[in-house]
Amino acid sequence: MKLTRRMFIQGAAAVTALMAAPRALLAWPEKAFKAGSSDEVMQALFGSADVTESGSVVLNAPDIAENGRVVPISVSSSLDGVENISVIVVENPSPLAASFDLGPGASAAVSTRIKMGKTSNVIAVVKADGKLYSAQKEVKVTIGGCGG
Amino acid sequence: MKRILVTILGMALVAGLAWATPEEDRLAFIDYHKKRFPNVAVEDYLNGVYAINPPAYQQWLQIEEFPPYELAMAEGKELFETPFANGKSYADCFPNGGVGIRQNYPYFDAETGQVKTLELEINECRAANGEAPLKYSKGKMASISAYMAFTSRGQKLNIVIPDDARAMAAYEDGKAYYYSKRGQLNFSCADCHVANSGMMIRADMLSPALGHPTHFPVYRSKWDDMGTLHRRFGGCNKQVRAVPLPAQSEEYRNLEYFLTYMSNGMEVNGPGARK
Amino acid sequence: MTRKLWIVSAATIVCSGLNVGTALAADQAAYDAACKAAESARQSAAEMRYEWNTIKPLIEKAGVAAQAGDYERAVKLCDEARKHGEEAIAQAKHESEAWKLSAVR
Amino acid sequence: MASDIRIKAKLTGDTAEVKTLMKHDMETGTRKDKKTGETVPAHYITEVKCELNGKLVMTANWGPAVSKNPYFAFTVKGAKAGDVLKVSWVDNKGGGSSAETTLG
């Protein structure tokens, strides 16, 4: 891949952010949670939206959510040096749902349950060795209320 | 004359159909489900709709990893074990200290001539010990009921209809409620959960009737909360645009009596998690 | 018993207490009559445990319309509410026998 | 209240599988109260910290899109029987809670 000037700047910005303060010590990333698009979320979290889709990131989410209020999501990765795992729901008003900072003792595997307002792509972003990798999946949300 | 005779014959026929014994009803109920869902084992119905909906079953298993009802169960255990102001506790009100008894509810109480449910007796226990009653549909009542159901998991439902005309009348009353159409939509409980179980109603699959009472109370994602069986009855009534009856009304208790008898012999699996 | 009394008196207030002297007496009277009939049908259905949850909202809407002086609409809504009540009563009567035919056997 | 945070931990070799369930409304700030019609203010967990013997293993930063009564599972390496695992959360209103379990 050719290194363009823009990518270099983004990379440099990411490095600066990293050097300024390790994420684990930072306060709650308010800017990322207020961001309106997945790119803005990544910019706010990592100082870069330069992300590569990777088979080393495994996102487990249902094809059709039984109920958009409680959608089980799990993300794991076989990559080394995973520092952060973030879950972005593109169509949610605030796309960032959760962002996990991993310390040295943590395996790259997290599960949680999230709210989805409507059918949307869900993106799992993994930051490993300073680079961003992702996996995504569309989760269909049908709103009902007669079930059970 | 001939016409009157035909009418009488017709009435006798209709009446005859309702005269089946509860046990005949139950066996017919199981038979119906076996034919409707040939690939589902009878004991699997304790998982409700998840017995017949594999994709939803997968998500349910993930929820069951740490089901939200465990918070209510923990609260219920704490409440159950906390003595009343007079020093007594729930354990003093129930057989076997209230542990592992869910499978015997509801039952017919010969003294009062009424069907007694577990939730009703929880409040009777409170009243007997000078405590204010709890609301029947959710909250602390659902938590205590959830804990008591949990201590009974694996026990088989053992609903008894004694040789007492009043008990039989209560059963028949519950059965009539179950099969009677009501509300603006003109649906009975059975129209959705017997005749159309497994069908989609908008985005939801209608759950089968067999095993319905095994897994209550439930944490329903739709409610974001726990609810008792009678809360669900009320919800179903509202969905067909009927005014729901109060939780623990005589009609709902009789309905529970009938419906639970239909699942006799199945394991208690409450509390449950539903969408 | 007391609860029932309360419901009846509340209904009376809803039906007639709001619009004294705001419009023509005939319209008010027509609304009162229509509303009373609706309320009575609703109560009969409720006693049979067959009330539809559509009835009360219609009566409430009628009350709002009447308060705004739109008696024509108020009467229409009350008539509809009464029809729902009557249908619920008919449903109760019909189902008292008809349910037996749909029971699993 | 003892039931604020529930923790289940399973130790296999030196790996601990940890599952947690926290009691919290996770209000988005957009929901309207059914009775009053007023908007219910946002109230959600913002940060969950997981520590093993006092050492930070993981921090979860959450927004209001995490479901009510949040579930959170993760895996810790290099753990052994007797280690103390602590989970604590704070919310956007300054509330908080914590719970501990001993691996075994």
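Buried area is the accessible area (1.4 Å probe) that two parts lose when they are put together, summed over both. Keep that in mind for the exercises below, and remember that this is a predicted model.

**Exercise 1. Work out how chain A and chain D meet.**

Step 1: Start with the area. Chain A and chain D bury about 2100 Å² between them, and 51% of that is on carbon and sulfur atoms.

Step 2: Count who takes part. On chain A, 28 residues are in contact with 27 residues of chain D.

Step 3: Pick out the big contributors. A:Trp28, A:Arg113 and A:Lys115 supply 30% of the area that chain A buries against chain D, more than any other three residues.

Step 4: Check the polar side. The rule finds 0 salt bridges across the interface of chain A and chain D, but it does find 18 residue pairs in polar contact there.

Step 5: Place this on the fold. β6 (96-102) and β7 (106-114) of chain A each supply at least two residues of the side that touches chain D. β7(A) gives the most to that side, with 8 residues.

**Exercise 2. Do the same for chain B and chain A.**

Step 1: Here about 1900 Å² is buried, of which carbon and sulfur atoms give 48%. The contact takes 21 residues from chain B and 16 residues from chain A.

Step 2: B:Gln59, B:Gln62 and B:Lys275 supply 30% of the area that chain B buries against chain A, more than any other three residues.

Step 3: Now look for charges. The rule finds 1 salt bridge across this interface: B:Asp224 pairs with A:Arg69, with the closest N and O atoms 3.2 Å apart. There are also 8 residue pairs in polar contact between chain B and chain A.

Step 4: α3 (54-64), β4 (204-205) and α9 (229-239) of chain B each supply at least two residues of the side that touches chain A. The largest share, 4 residues, comes from α3(B).

**Exercise 3. Find the largest nonpolar core and say where it lies.**

Step 1: This core has 56 residues, and B:Phe29, B:Tyr178, B:Tyr179 and B:Tyr257 touch the most other members.

Step 2: Domain 1 (21-67 + 162-274) and domain 2 (70-150) of chain B both give residues to the core, so it lies between them.

Step 3: Zoom in on B:Tyr257. Leaving aside neighbours within four places in sequence, B:Tyr257 is in contact with residues including B:Pro106, B:Phe108, B:Ile161 and B:Tyr171.

Step 4: Don't stop there. Apart from this core lies another one, of 54 residues, among them A:Leu102, A:Met116, D:Leu52 and D:Leu103.

Notes
Residues numbered from 1 in each chain as written. Chains lettered and ligands numbered in written order. Predicted model: local features only at pLDDT ≥ 70, side-chain atom pairs only at ≥ 80, totals over all residues. Heavy atoms only, no water. Core = buried A, V, L, I, M, F, W, Y, C linked by side-chain atoms within 4.5 Å. Buried < 20%, exposed > 50% of the residue type's maximum accessible area, 1.4 Å probe, protein only. Domains from an automatic or database assignment. Contact = heavy atoms within 4.5 Å. Salt bridge = Lys/Arg side-chain N within 4 Å of Asp/Glu carboxyl O. Polar contact = N/O pair within 3.5 Å; in protein donor to acceptor, adjacent residues only side chain to side chain.
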